[in-house]
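Me: I'm new to this structure and would like a close look at just one part of it. Could you take me through the biggest pocket and what surrounds it?

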Amino acid sequence: MIGEKIKTLLIDQDKDLVKPADQVAVVGTKNRLNHALLILTTDKYAVVPVLDEKSRMKGLISMPSIMQAIMEIEDVHFEKLGEIKVEEIMDTDFPHVFEEYELENVLHMLVNHAFITVIDEDQTFKGIITRSEILKGTNRIAHEFEKVYDVREKLITDPLK
């Protein structure tokens, strides 16, 4: 369990940990791969969320998944970028939490993912929690904890405790 004092320093109290949906680059399930490729390369993202027409979270699309879809052993078929829909190749196994989440669960998931999607009970996309925001908080703890709190070592007299 994460202590309240650590949690206070980890999460910037002046802003929400969740980057809102309207500030996140996304693609639609019906978009073609050429559109997804433009979003990924223009904004320099490795992976972006995929939403349906009702803004429900459906998956993730990445540069490697796009390249894999248009490559064969001896050639790359760039013409397929305008033919294949995102929903045909997106990864539907994506990390997510609901709006009421446990910070400890988020931290565990961010070990293996650059971001975690936040959805509501209807799968509507609400935003993302990024590894970057958690690392900013970790940096804040490293620099501020002993300025805010008196820290001393506990004396352990019984080695079994």
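Reply: Sure, and keep in mind that this is a predicted model. The largest pocket has a volume of about 230 Å³. Its lining is made up of 14 residues, and the ones closest to the centre are Tyr45, Val47, Phe115, Ile128 and Thr130. Two elements, E3 and E7, each give two or more residues to that lining. E3 supplies the largest share, three residues. By class, the lining of this pocket has 10 nonpolar residues, along with two polar and two charged ones.

Let's follow E7 first, since two of those central names take us there. Strand E7 covers residues 125-130, and it is mostly covered, with five of its six residues buried. It belongs to an open sheet of four strands, ordered E1-E7-E6-E5, with mixed pairing. The edges of that sheet are strand E1 (19-20) and strand E5 (96-98), each of which pairs on one side only.

Now look at the two partners of E7. On one side, E1 runs antiparallel to E7 and is joined to it by two bridges. Lys19 is part of this pairing, and its bridge partner in E7 is Ile128, one of the residues closest to the pocket's centre. On the other side, strand E6 (residues 115-119) also runs antiparallel to E7, this time with five bridges. Here Phe115 stands opposite Thr130 in E7, and both are among the residues closest to the centre of the pocket. Further along the pairing, Val118 has Gly127 as its bridge partner in E7. E6 and E7 together form a hairpin with five residues between them, and in the turn Gln123 has a positive phi of about 75°.

Then there is the E3 side. Strand E3 spans residues 47-51, and besides lining the pocket it has a second role: along with helix H2 (33-42) and helix H3 (63-70), E3 supplies at least two residues to the largest nonpolar core. That core has 16 residues, and those with the most contacts inside it are Val27, Leu33, Val48, Ile61, Ile66 and Val86. H2 gives the largest share of the core, four residues. To see how such a core is knitted together, pick Ile66: leaving aside neighbours within four places in sequence, Ile66 is in contact with Leu33, Ala36, Leu37, Leu40, Ile61, Leu81 and Ile89. Apart from this core lies another one of 15 residues, including Ile11, Val106, Val118 and Ile129. Val118 is the residue we just met opposite E7, as the bridge partner of Gly127. As a general background point, nonpolar side chains in soluble globular proteins tend to be buried together.

One last thing, so you don't mix up the pocket with the enclosed space elsewhere. A search of the whole structure finds one cavity of 30 Å³ or more, and the largest cavity has a volume of about 40 Å³. It is lined by Leu10, Ile11, Asp12, Lys15, Asp16, Leu17, Glu133 and Arg140. That lining divides into three nonpolar, no polar and five charged residues, while the lining of the pocket has 10 nonpolar, two polar and two charged.

Definitions and conventions
Residues are numbered from 1 along each chain as its sequence is written. This is a predicted model: local features need pLDDT of at least 70, side-chain atom pairs count only at pLDDT 80 or more; totals for chains, interfaces and linings use all residues. Side-chain values use heavy atoms; hydrogens and water are left out. Two strands pair if DSSP finds at least two bridges between them. A nonpolar core is a set of buried Ala, Val, Leu, Ile, Met, Phe, Trp, Tyr and Cys residues joined through side-chain atoms within 4.5 Å. Buried means under 20% relative accessible area, exposed over 50%, partly exposed in between (1.4 Å probe, protein chains only). Contact means heavy atoms within 4.5 Å. On a 1 Å grid over the protein atoms alone, a cavity is a set of points where a 1.4 Å probe fits but cannot get out, and a pocket is an open set with protein on both sides within 12 Å along at least five of seven lines; lining residues have an atom within 4 Å of a point. Grid points are joined across faces, edges and corners, and a volume is the space filled by probe spheres set on the points. Ala, Val, Leu, Ile, Met, Phe, Trp, Tyr, Cys and Pro count as nonpolar, Asp, Glu, Lys and Arg as charged, and the others, Gly among them, as polar.
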